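The report that follows describes a single protein chain, moving from one residue and its surroundings to the sheet, the helices and the chain as a whole. Please keep the sequence and the model at hand while reading.

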Amino acid sequence: MSPAEETPAGGPTEFDAARTMLNRMRQNAVARGEVRIDAARARRAGERSAQARELRRRSPIGVSYENGRDPQGIGTVFGRMVRDRGWTSPVAVGSVMSRWAELVGPQINAHCSPESFEDTTVVVRCDSTAWATQVRLLSHSLLKTFDEKLGSGVVTVIQVLGPSAPSWKKGMRRVEGRGPRDTYG
């Protein structure tokens, strides 16, 4: 078979080494008496057998091993490893901090960010006092959202902090009761 015969009709007449090798391998297989099996047809025929149905029912992948060694999903394996090693609280901390935008939504995320998470308390810093008040009012619904998405009891308290004001204290001595430059001349 020449390279010109192997290209599709009307296509370029350049030499395609991979296609040529594939065609040669197919010709050699036919010459040896091997028959090409259609994968979809073989799968349908295999599913008809009772043994194949039983294997599929027992294992999600279709393969069954002795002594409970069936393949399992990565989520199942990872969840068991976290539980067995006692990593539940560090994983919960990481999930609250990393999934903050997803948990609270884009509007709250734009104005508030989590600063720390200890035990079951999340400390949130807002960029204005108005947003701090708003998050305090929404804390009950945020706790419900955290319970739904992270699990019950992961977050029980949301401590909201307003913006940090600049310090007017300079040096070791200062006068009490004098605000930030109460007289301007």
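## Ile158 and its surroundings

Leaving aside residues up to four places away in sequence, Ile158 touches Val122, Val124, Ser139, Leu142, Leu143 and Phe146. The model is a predicted one, and the contacts described here should be read with that in mind. Ile158 is found in strand 3, which covers residues 157-161, and with a relative accessibility of 14% Ile158 counts as buried, because the cut-off for that class is under 20%. One of the residues that Ile158 touches is Leu143; the two are separated by 15 residues in sequence, while their C-alpha atoms lie 7.8 Å apart in space.

## The sheet

How are the strands ordered in the sheet? The sheet is open and has three strands in the order 1-2-3, with mixed pairing. Strand 1 (112-118) and strand 3 stand at the edges, and each has a single partner strand, so one side of each is left without a neighbour in the sheet. From one strand to the next, the twist averages 25°.

Strand 1 pairs with strand 2 (residues 121-126) in the antiparallel sense, over six bridges. Within this pairing, Pro114 has Val124 of strand 2 as its bridge partner, and Phe117 stands opposite Val122, also in strand 2. Val122 and Val124 are both among the residues that Ile158 touches, and Ile158 itself belongs to strand 3.

Strand 1 and strand 2 form a hairpin with two residues between the strands. Asp119 lies in the loop between them, and its phi is near 55°, a positive value in a residue other than glycine. With a relative accessible area of 75%, Asp119 is exposed, because that class begins at values over 50%.

Two cysteines also deserve a note. Cys112 is buried, with a relative accessible area of 2%, and Cys126 is likewise buried, with a relative accessible area of 2%. The structure holds zero disulfides.

## Helix 9 and the residues packed on it

Helix 9 lies across strand 1, strand 2 and strand 3, and runs at about 160° to strand 3. Helix 9 comprises residues 129-150, and Phe146 is part of it.

A second isoleucine, Ile108, can be described in the manner used for Ile158. Ile108 has its place in helix 8 (residues 106-111) and is buried, with a relative accessible area of 9%. Not counting residues up to four places away in sequence, Ile108 touches Trp131, Val135, Leu138 and Leu142. Trp131 is 23 residues from Ile108 in sequence, yet their C-alpha atoms are 8.1 Å apart in space. Leu142 appears in the contacts of Ile108 and also in those of Ile158.

## The aromatic pair

The structure holds one aromatic pair. It is formed by Trp100 and Phe146, whose ring centres are 6.2 Å apart and whose planes stand at 45°, so the pair is tilted. Trp100 lies in helix 7 (residues 100-104) and Phe146 in helix 9, so the pair ties together parts that are 46 residues apart in sequence. Trp100 is buried at a relative accessible area of 4%, and Phe146 counts as buried at 1% relative accessibility. Phe146 is also one of the residues that Ile158 touches.

The accessibilities of several residues discussed above are collected here.

| Residue | Relative accessible area | Class |
|---|---|---|
| Trp100 | 4% | buried |
| Ile108 | 9% | buried |
| Cys112 | 2% | buried |
| Asp119 | 75% | exposed |
| Cys126 | 2% | buried |
| Phe146 | 1% | buried |
| Ile158 | 14% | buried |

## The chain as a whole

The secondary structure of the chain comes to nine helices and three strands, which follow one another along the sequence in the pattern α-α-α-α-α-α-α-α-β-β-α-β. Of its 185 residues, 19% count as buried. The chain exposes about 14,300 Å², and carbon and sulfur atoms supply 54% of that area. When contacts in the chain between residues at least 6 apart in sequence are considered, 44% of them join residues at least 24 apart.

Technical notes
Residues numbered from 1 in each chain as written. Predicted model: local features only at pLDDT ≥ 70, side-chain atom pairs only at ≥ 80, totals over all residues. Heavy atoms only, no water. Phe/Tyr/Trp six-rings, centres within 6.5 Å; stacked < 30°, edge-to-face > 60°. Helix = DSSP H or I, 4+ residues; strand = E, 2+ residues; numbered from the N terminus. Buried < 20%, exposed > 50% of the residue type's maximum accessible area, 1.4 Å probe, protein only. Contact = heavy atoms within 4.5 Å. Pairing = 2+ DSSP bridges. Axes fitted to C-alpha atoms, helices over the stretch in contact; angles between N-to-C directions. Areas by Shrake-Rupley, 256 points an atom, 1.4 Å probe, with all protein chains shown as cover. Disulfide = S-S within 2.5 Å.
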